[in-house]
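Here is a quick briefing on a predicted model. Have the sequence and the structure open while you read.

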Amino acid sequence: MRRSFFAVLAIAASFALSGAGQPSPARAPLSDEQKADLDRVSAYLNSMNTLEGGFTQINPDGSINQGMFYIDKPGRMRFEYESPAPILLVSDGSTVAVQNKRLNTVDRYPLWTTPLKLILDKDVNLKHNSAIVGVEHQQGTLVIQARASSMRAQGNITLVFSDPELELRQWTVVDAQGLSTTVALRDMKAGVDLAPSLFVLNEKSKFTKDD
């Protein structure tokens with residue numbers, strides 16, 4: 001589960017891996033069509049202020065976790081995993097906290113060092129993001145490939161959007177060991193009112209959306 005939480009972070013890819021020992025994939029020149037697609041996706045992400053919905057996560061070992069997510073831009077996100085998964089992930093705008101109820105631990109990461117930064121930024125401009133390494137259309141979807149980023153390990157991220165009506169549908173992370181984790185989103189609602197308390201981690205409380 002510790003590895004798989006980075007798949008949740010990958011929703012937002014800050015895309016500039018400083019991982020050990022492996023070169024980042026080279027970026028080929030973008031076509032005019034690809035640049036236009038990235039402009040469309042950037043406009044979609046910039047129009048998204050608040051969002052809530054459910055997610056299903058398929059882990060490298062084939063196990064499945066589910067839960068709810070909440071986004072309040074700029075900078076704030078919450079992923080609640082359903083039992084028996086012990087994980088709660090909260091970004092308060094500057095720090096990403098990962099709480100493990102089973103181990104009674106909280107790990108914190110500066111937001112800018114995690115893949116969350118891209119989607120949670122106020123102004124997204126994918127066309128000028130050098131970490132984007134591929135843009136293609138596949139059977140009613142728009143697929144964007146990018147370099148994933150953490151301060152510890154290197155991997156690739158694939159973001160999948162519905163097309164032509166853009167909506168983020170899923171992402172897949174392949175880590176430095178070649179293991180993949182996929183997160184699929186469902187039942188999304190945009191423009192919802194979200195309580196500020198959702199984005200404050202109460203380390204003494206249980207996993208409830210009212211923390």
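**The β10–β11 turn and its surroundings**

Start at the hairpin of β10 and β11: 5 residues lie between the strands, and G178 there takes a positive phi near 85°. Strands here are DSSP runs (E, at least two residues) and helices are too (H or I, at least four), both numbered from the N terminus. The model is predicted, so to speak of local features pLDDT has to be at least 70, and side-chain atom pairs count only at pLDDT 80 or more, while totals for chains, interfaces and linings use all residues. Residues are numbered from 1 along each chain as its sequence is written, and side-chain values use heavy atoms, with hydrogens and water left out.

**Strand pairing**

- Strand β10 (residues 167-174) pairs with β11 (residues 180-190) in the antiparallel sense, over 5 bridges; pairing takes at least two DSSP bridges between two strands.
- On its other pairing, β10 runs antiparallel to β9 (residues 156-162), with 7 bridges joining them.
- The link from β9 to β10 is a hairpin of 4 residues, and S162 stands opposite E167 in β10.
- β9 also pairs with β8 (residues 141-147), again antiparallel and over 7 bridges.
- V160 shows up in two of these ladders: V143 has V160 as its bridge partner in β9, and V160 in turn has Q170 as its partner in β10.
- β9 is mostly covered, with 5 of its 7 residues buried (buried means under 20% relative accessible area, exposed over 50%, partly exposed in between; 1.4 Å probe, protein chains only).

**A look at T182**

- T182 sits in strand β11 and is the bridge partner of T172.
- The side chains of T182 and T172 also make a polar contact of 2.9 Å. That term covers a pair of N or O atoms within 3.5 Å; within protein, one must be able to donate a hydrogen and the other to accept it, and residues adjacent in sequence count only if both atoms are side-chain atoms.
- T182 counts as buried because its relative accessible area is 19%, and the cut-off is under 20%.
- Setting aside neighbours within four places in sequence, T182 is in contact (heavy atoms within 4.5 Å) with T56, Q57, I58, Q170, W171 and T172.

**After the last strand**

- L198 is in the segment after β11.
- Is L198 buried or exposed? L198 is buried, with a relative accessible area of 4%.
- The C-alpha atoms of L198 and D72 are separated by 9.6 Å, with the two residues 126 apart along the chain.

**The chain overall**

- There are 3 helices and 11 strands in the chain, and from the N terminus the elements run α-α-β-β-β-β-β-β-α-β-β-β-β-β.
- Of the 211 residues in the chain, 49% are buried.
- Among contacts between residues at least 6 apart in sequence, 56% join residues at least 24 apart.
- About 10200 Å² of the chain is exposed, and carbon and sulfur atoms supply 49% of that; the areas come from the Shrake-Rupley method with a 1.4 Å probe, and for residues only the protein chains shown count as cover.
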